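Good morning, and thank you for making time for this item. Please bring up the sequence and the structure, and I shall go through a few regions in turn.

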Amino acid sequence: MAYFEEESYTDIKFNWQTWKQIFAYLKPLKKYLFIGFFSVLMLAAVDVAYPLINRYAIDRIIGENDLSLLPRFIIMYLIYVIVLASMVFTFIRVAGHIQNQLAYTIRKKAFEKLQALPFSYYDRTPIGWIMARMTSDSRNLSDILSWGLIDLSWGFLMMIGITVAMFVINVKLALITLSVLPVLIYVSIFFRKRILKAYREIRKQNSKITGAFNEGITGAKTTKTLVLEDSNFQDFDRLTSNMRRHSIRAAVFAGLYFPTILFIASIATGLVFYYGGIDVSNTVISIGVLYVFISYVGQFFEPVMQLANILARFQQAQASAERVLSLINQEPDIKDRPEVLAQYGTMTAPKKENWEPLYGDVSFKQVGFKYHKGEQVLKTFSLDIKRGESVALVGHTGAGKSTIVNLICRFYEPTEGEILLDGRPMNDRSIGWLHDKLGYVLQSPHLFSGTIMENIRYGRLDATDEEVIASAKMVEADRFIESFEAGYKTEVGEGGSRLSVGQKQLISFARALLADPKILILDEATSSVDTQTEKSIQHAIETVMAGRTSFVIAHRLSTIVNADRILVLQHGEIIESGNHESLIAAKGHYYKLYTNQFQDLA
Ligand SMILES: Nc1ncnc2c1ncn2[C@@H]1O[C@H](COP(=O)(O)OP(=O)(O)OP(=O)(O)O)[C@@H](O)[C@H]1O
Ligand SMILES: [Mg+2]
């Protein structure tokens, strides 16, 4: 689990590999980076030029009382204002564009990866961690690589420009001004280190708080039923007071830092005034020159403060980059071989013209399986199912029913042995091909926010409204749908929250029917529904199962009784198999299960 911890991402050392990959995302934006750089170059130039224009006014217009030069001064000043305004406008536009594009690229890459990653990734990755990568980290990065980069180059260029200008005008005063620089750098590093450390603590606390938030919100209903509000609040309170302590520490250091820098800058100003003043009274230099140096001192120390700040932000951004890239670079542990991809195409660019049909024979050959964490669930598991056969899986909780169907869906892959489809190893064909031909109705069916019509249509995106309605009718979902005021246009709410479990199940049956899969997998809902819905579901199950290979994790007696083959599972092994009559006649495990569990339901 180490990679969810803040500490495992570097905060100090420069990580060239990481930045190389991030900068590659900036490549398509080269043009904008160039325009941005040009605009800050111009800005730095006018920043350096501005005191020089004023010096001209002070020495020539005021000093020599030559008003005829005034129009020339006004023109120079106008040019200064126009260049300043247009360049500021340009860099704001450019930085905004770079920021948006980069955030878009990073999120798109991460999202594509999330689509490609198999179930096992989600088993071990907290959703909150993924959300943080998609939101704050990608924002951080795009922010620093647009505004941060532009600020950084502006600051650098201005410091270089001012240093050169100072030495050209007066070496002695230039040296005096720069004499405080070492102190400044030392103080900056001193404070930065401490501020960074405090911020790192804050971030650590923050991710803990976000986690607690996440739990608190997603588990709100459970909290309320178990009356855990108070203990939850106490946990939360402890976390937030820790956060508060570290925040205050950071604020104190940040608060001390800026006045200290200002103090040092004032000393520099004082020194310039003192030595410059003496030179002015001895008419070694003009008042204009003294003015230029006073201005430069102010201008010089501002970017120094900013640079320290930006460099610190780059360090933080590096941690963000490492985390985002750990997601983007995550290798899915279930993926198609290159030659399979070449023939069948990728998820996003499938080559459907090469896809052969699936007929629905399924064989497990000596399959062994264990989850990422946990013990061996299946050992030398073998099974042969002919096309069109309906199979009911029964057994106690944890027996391995869901595991078997997860393997058929290739949500996980066997750790030993192999699974054949129509006699060919499963991984000879692409995951995209498989999922196109396979339907899975989950125990707790998931709907996407949108209308009922849209939700059924996810089964086959090119289905017409008539086809959608026809499949709803076949599973008898039309009864409750038409009782809604908006009918098929009814919004189901986030995750289908506005519908009952039975209704959601019927909609996912309609969806599966529309998709017309060759292999159908059904994790039957155990939830009790009203008798009408119960009947509809029963009817729907028979309808969707007809004419295809089907695996049903069955809790309803009627489903089990009608299955061609019943598999009784225990600890990942088939302990009995046969149809209802033969198993009842055998008076074994199934008979016991049946008499204990189903008798009163029948
Ligand atoms: N994602 C997972 N990660 C680790 N172990 C898992 C995971 N899913 C299931 N297991 C373990 O694998 C074993 C088989 O679980 P499985 O979900 O297949 O049981 P099941 O028969 O479907 O049970 P139920 O009737 O409760 O749904 C159990 O011991 C379970 O703890
Ligand atoms: Mg299960």
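Strand β9 and strand β10, the latter covering residues 573-578, run antiparallel and are joined by 5 bridges. Please bear in mind throughout that this is a predicted model. Between the two strands of this hairpin there are 2 residues, and histidine 571 there adopts a positive phi near 45°.

On its other pairing, β9 meets strand β3, residues 390-395, in the parallel sense, again through bridges, 5 of them. Isoleucine 566 allows us to follow both pairings. Its bridge partner in β10 is glycine 578, and isoleucine 566 is also the β9 partner of alanine 392.

Is β9 mostly covered or mostly open? Strand β9 spans residues 565-570, and 5 of its 6 residues are buried, so it is mostly covered by the cut-off of under 20% relative accessible area.

A helix shows a similar picture of cover. Helix α12, residues 401-408, has 7 of its 8 residues buried. Which residues of α12 are these? They are Lys401, Thr403, Ile404, Val405, Asn406, Leu407 and Ile408. The list therefore includes a lysine, for which buried again means under 20% relative accessible area. Just after α12, arginine 410 takes a positive phi of about 60°.

I turn now to the surface, beginning with charge. Lys193, Arg194, Lys197 and Arg249 gather there in a patch of positive charge. Which helix gives the most to the positive patch? Helix α7, residues 181-218, does so, with 3 residues. Arginine 249, for its part, is found in helix α9, which runs over residues 229-281. Why can arginine 249 be counted in such a patch? Membership requires over 30% relative accessible area and no salt bridge. Arginine 249 is partly exposed at 45%, and therefore clears the area cut-off.

The second patch is nonpolar. Phe34, Ile35, Phe37, Phe38 and Leu41 form this patch on the surface, and together they have about 470 Å² of accessible area. Phenylalanine 38 lies in helix α2, residues 30-63. An α-helix has 3.6 residues a turn, so residues three or four places apart point the same way. Phenylalanine 38 has a relative accessible area of 41% and is partly exposed, so this residue too passes the cut-off of over 30% for a patch.

To close, I would ask you to keep two regions in view: the covered strand β9, with 5 of its 6 residues buried, and the nonpolar surface patch that includes phenylalanine 38.

Conventions. Residues numbered from 1 in each chain as written. Chains lettered and ligands numbered in written order. Predicted model: local features only at pLDDT ≥ 70, side-chain atom pairs only at ≥ 80, totals over all residues. Heavy atoms only, no water. Patch = residues over 30% accessible without salt bridge, like charges linked within 9 Å, V, L, I, M, F, W, Y side chains within 5 Å. Areas by Shrake-Rupley, 256 points an atom, 1.4 Å probe, with all protein chains shown as cover. Salt bridge = Lys/Arg side-chain N within 4 Å of Asp/Glu carboxyl O. Lys, Arg positive; Asp, Glu negative; His and termini not counted. Charge placed at Lys NZ, Arg CZ, Asp CG, Glu CD. Helix = DSSP H or I, 4+ residues; strand = E, 2+ residues; numbered from the N terminus. Buried < 20%, exposed > 50% of the residue type's maximum accessible area, 1.4 Å probe, protein only. Pairing = 2+ DSSP bridges.
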